[in-house]
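Could you go through this model with me? I've jotted down a few points to read alongside the picture.

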Amino acid sequence: MSGRNNAFVALGAAIVTVAGVALATPVSVLTVSDGATEFVGTLDPEEALHYSYRQSIYQVTVFEDLARQGTGLRIQRVRSSDIRSIEYFGWRGEPTQSEGLWTEASPPTVAVDSALVIRITPAGEQALSTSRWRIELKPRFGETVVRVRAEDRPWVLALLEGAR
(Lines give C-alpha, C1' and ligand atoms only; values in the text may rest on other atoms or scores of the structure.)
Protein backbone atom coordinates (compact mmCIF):
# COMPACT_ATOMS: atom_id res chain seq x y z
CA MET A 1 0.00 0.00 0.00
CA SER A 2 2.73 2.50 0.84
CA GLY A 3 4.21 2.15 -2.65
CA ARG A 4 0.85 2.96 -4.15
CA ASN A 5 0.41 5.99 -1.85
CA ASN A 6 3.87 7.24 -2.77
CA ALA A 7 2.97 6.98 -6.46
CA PHE A 8 -0.20 9.02 -5.90
CA VAL A 9 1.73 11.64 -3.94
CA ALA A 10 4.35 11.86 -6.71
CA LEU A 11 1.66 12.07 -9.39
CA GLY A 12 -0.18 14.78 -7.43
CA ALA A 13 3.05 16.76 -6.98
CA ALA A 14 3.81 16.47 -10.70
CA ILE A 15 0.32 17.68 -11.63
CA VAL A 16 0.55 20.66 -9.27
CA THR A 17 4.02 21.54 -10.60
CA VAL A 18 2.97 21.33 -14.25
CA ALA A 19 -0.21 23.31 -13.57
CA GLY A 20 1.77 25.97 -11.69
CA VAL A 21 4.27 26.35 -14.51
CA ALA A 22 1.48 26.53 -17.10
CA LEU A 23 -0.43 29.16 -15.14
CA ALA A 24 2.70 31.26 -14.58
CA THR A 25 3.93 31.07 -18.18
CA PRO A 26 4.03 34.62 -19.57
CA VAL A 27 1.87 35.60 -22.53
CA SER A 28 2.20 38.71 -24.67
CA VAL A 29 -0.61 41.21 -24.25
CA LEU A 30 -1.51 44.79 -25.08
CA THR A 31 -2.97 46.83 -22.26
CA VAL A 32 -4.97 50.03 -22.62
CA SER A 33 -5.60 51.84 -19.35
CA ASP A 34 -6.85 55.18 -18.06
CA GLY A 35 -5.77 54.31 -14.52
CA ALA A 36 -9.24 53.15 -13.49
CA THR A 37 -10.35 50.89 -16.36
CA GLU A 38 -8.15 48.48 -18.29
CA PHE A 39 -8.51 46.55 -21.53
CA VAL A 40 -6.25 43.53 -22.04
CA GLY A 41 -5.90 41.94 -25.48
CA THR A 42 -3.48 39.32 -26.72
CA LEU A 43 -0.67 40.68 -28.88
CA ASP A 44 1.90 38.17 -30.06
CA PRO A 45 5.40 39.57 -30.66
CA GLU A 46 5.06 39.37 -34.46
CA GLU A 47 1.37 40.36 -34.62
CA ALA A 48 0.30 43.58 -36.34
CA LEU A 49 -1.41 46.27 -34.28
CA HIS A 50 -3.44 48.99 -35.96
CA TYR A 51 -4.36 52.37 -34.52
CA SER A 52 -6.89 54.40 -36.49
CA TYR A 53 -8.08 57.90 -35.75
CA ARG A 54 -9.61 60.96 -37.36
CA GLN A 55 -6.88 63.54 -37.91
CA SER A 56 -8.19 66.84 -36.58
CA ILE A 57 -6.46 69.21 -39.00
CA TYR A 58 -7.36 67.56 -42.33
CA GLN A 59 -10.44 65.64 -41.09
CA VAL A 60 -9.38 62.31 -42.59
CA THR A 61 -8.80 58.89 -41.07
CA VAL A 62 -5.18 57.97 -40.44
CA PHE A 63 -4.08 54.36 -39.99
CA GLU A 64 -0.89 53.72 -38.02
CA ASP A 65 0.55 50.23 -38.32
CA LEU A 66 2.41 49.46 -35.12
CA ALA A 67 4.56 46.56 -34.02
CA ARG A 68 5.76 45.30 -30.70
CA GLN A 69 9.49 45.78 -30.35
CA GLY A 70 10.89 44.44 -27.10
CA THR A 71 8.73 45.90 -24.36
CA GLY A 72 7.66 48.86 -26.48
CA LEU A 73 5.67 49.84 -29.54
CA ARG A 74 7.02 51.27 -32.79
CA ILE A 75 5.21 52.86 -35.73
CA GLN A 76 6.06 50.89 -38.88
CA ARG A 77 4.04 52.89 -41.40
CA VAL A 78 1.14 55.31 -41.76
CA ARG A 79 -1.67 55.39 -44.32
CA SER A 80 -4.30 58.00 -45.20
CA SER A 81 -6.39 59.26 -48.11
CA ASP A 82 -4.85 62.75 -47.71
CA ILE A 83 -1.10 63.05 -48.32
CA ARG A 84 -0.94 66.06 -45.98
CA SER A 85 -1.77 63.89 -42.99
CA ILE A 86 1.19 61.68 -43.92
CA GLU A 87 3.49 64.66 -44.43
CA TYR A 88 2.43 65.90 -40.99
CA PHE A 89 4.69 63.22 -39.44
CA GLY A 90 7.70 65.12 -40.83
CA TRP A 91 9.49 62.05 -42.09
CA ARG A 92 11.83 62.62 -45.02
CA GLY A 93 10.58 59.71 -47.09
CA GLU A 94 8.42 59.80 -50.18
CA PRO A 95 4.78 58.73 -49.68
CA THR A 96 3.40 56.34 -52.28
CA GLN A 97 -0.22 55.82 -53.30
CA SER A 98 -1.94 52.46 -53.49
CA GLU A 99 -5.63 51.54 -53.46
CA GLY A 100 -6.67 55.12 -52.71
CA LEU A 101 -4.38 55.57 -49.71
CA TRP A 102 -1.10 57.39 -49.32
CA THR A 103 1.47 55.31 -47.44
CA GLU A 104 4.84 55.99 -45.92
CA ALA A 105 7.10 53.68 -43.93
CA SER A 106 8.64 55.12 -40.82
CA PRO A 107 12.35 55.81 -40.88
CA PRO A 108 14.56 53.52 -38.80
CA THR A 109 15.22 56.40 -36.42
CA VAL A 110 11.62 56.48 -35.14
CA ALA A 111 11.86 55.64 -31.45
CA VAL A 112 10.31 52.72 -29.66
CA ASP A 113 7.98 54.02 -26.97
CA SER A 114 7.41 52.05 -23.78
CA ALA A 115 3.86 53.45 -23.75
CA LEU A 116 1.73 55.09 -26.39
CA VAL A 117 -0.23 57.96 -24.81
CA ILE A 118 -3.54 58.73 -26.51
CA ARG A 119 -5.94 61.56 -25.70
CA ILE A 120 -9.43 60.37 -26.60
CA THR A 121 -11.14 63.19 -28.46
CA PRO A 122 -14.78 64.35 -28.35
CA ALA A 123 -15.29 62.97 -31.87
CA GLY A 124 -14.09 59.63 -30.54
CA GLU A 125 -13.12 58.08 -33.84
CA GLN A 126 -10.16 56.20 -32.38
CA ALA A 127 -9.66 52.44 -32.34
CA LEU A 128 -6.98 49.83 -31.76
CA SER A 129 -7.20 46.44 -33.46
CA THR A 130 -5.47 43.21 -34.37
CA SER A 131 -6.73 40.35 -36.51
CA ARG A 132 -8.39 38.91 -33.35
CA TRP A 133 -9.97 41.91 -31.62
CA ARG A 134 -10.95 45.57 -31.96
CA ILE A 135 -11.57 48.21 -29.30
CA GLU A 136 -13.26 51.56 -29.85
CA LEU A 137 -11.63 53.86 -27.31
CA LYS A 138 -14.33 56.45 -26.55
CA PRO A 139 -17.17 53.99 -25.80
CA ARG A 140 -14.83 52.03 -23.51
CA PHE A 141 -13.03 54.87 -21.70
CA GLY A 142 -14.83 58.14 -22.46
CA GLU A 143 -12.96 61.40 -23.14
CA THR A 144 -9.74 60.89 -21.22
CA VAL A 145 -6.09 59.93 -21.67
CA VAL A 146 -5.08 56.27 -22.00
CA ARG A 147 -1.72 54.56 -21.98
CA VAL A 148 -1.17 51.69 -24.39
CA ARG A 149 1.57 49.20 -23.48
CA ALA A 150 2.93 45.93 -24.79
CA GLU A 151 3.51 43.64 -21.80
CA ASP A 152 4.10 40.07 -20.77
CA ARG A 153 1.73 38.81 -18.07
CA PRO A 154 1.33 35.41 -16.45
CA TRP A 155 -1.16 33.35 -18.44
CA VAL A 156 -3.54 33.00 -15.50
CA LEU A 157 -3.64 36.78 -14.95
CA ALA A 158 -4.27 37.45 -18.63
CA LEU A 159 -7.06 34.87 -18.54
CA LEU A 160 -8.63 36.36 -15.41
CA GLU A 161 -8.37 39.88 -16.88
CA GLY A 162 -10.36 38.70 -19.88
CA ALA A 163 -7.63 38.98 -22.52
CA ARG A 164 -9.17 38.83 -25.96
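**Notes on the model**

1. E104 sits in strand β7, residues 101-105 (strands are DSSP runs of E, at least two residues, numbered from the N terminus). Keep in mind that this is a predicted model, where local features need pLDDT of at least 70, side-chain atom pairs count only at pLDDT 80 or more, and totals for chains, interfaces and linings use all residues. Residues are numbered from 1 along each chain as its sequence is written, and side-chain values use heavy atoms, with hydrogens and water left out.

2. E104 is buried (under 20% relative accessible area, 1.4 Å probe, protein chains only), yet it has no salt bridge (a side-chain nitrogen of Lys or Arg within 4 Å of a carboxyl oxygen of Asp or Glu). The nearest side chain of opposite charge, R92, is 9.5 Å away.

3. What does the side chain of E104 reach at 3.0 Å? That's the backbone nitrogen of G93. Leaving aside neighbours within four places in sequence, E104 has contacts (heavy atoms within 4.5 Å) that include R77, V78, I86 and W91.

4. Now the core. The largest nonpolar core (buried Ala, Val, Leu, Ile, Met, Phe, Trp, Tyr and Cys residues joined through side-chain atoms within 4.5 Å) has 26 residues, and V32, L128 and L137 have the most contacts inside it. Among the elements that each supply at least two of its residues are β1 (26-33) and β11 (145-154).

5. Look at V32 again: setting aside its neighbours within four places in sequence, V32 is in contact with L128 and L137, among others.

Technical notes. Helices (H or I, at least four residues) and strands (E, at least two) are DSSP runs, numbered from the N terminus. Buried means under 20% relative accessible area, exposed over 50%, partly exposed in between (1.4 Å probe, protein chains only). Lys and Arg count as positive and Asp and Glu as negative; His and the chain ends are not counted. A polar contact is a pair of N or O atoms within 3.5 Å; within protein, one must be able to donate a hydrogen and the other to accept it, and residues adjacent in sequence count only if both atoms are side-chain atoms.
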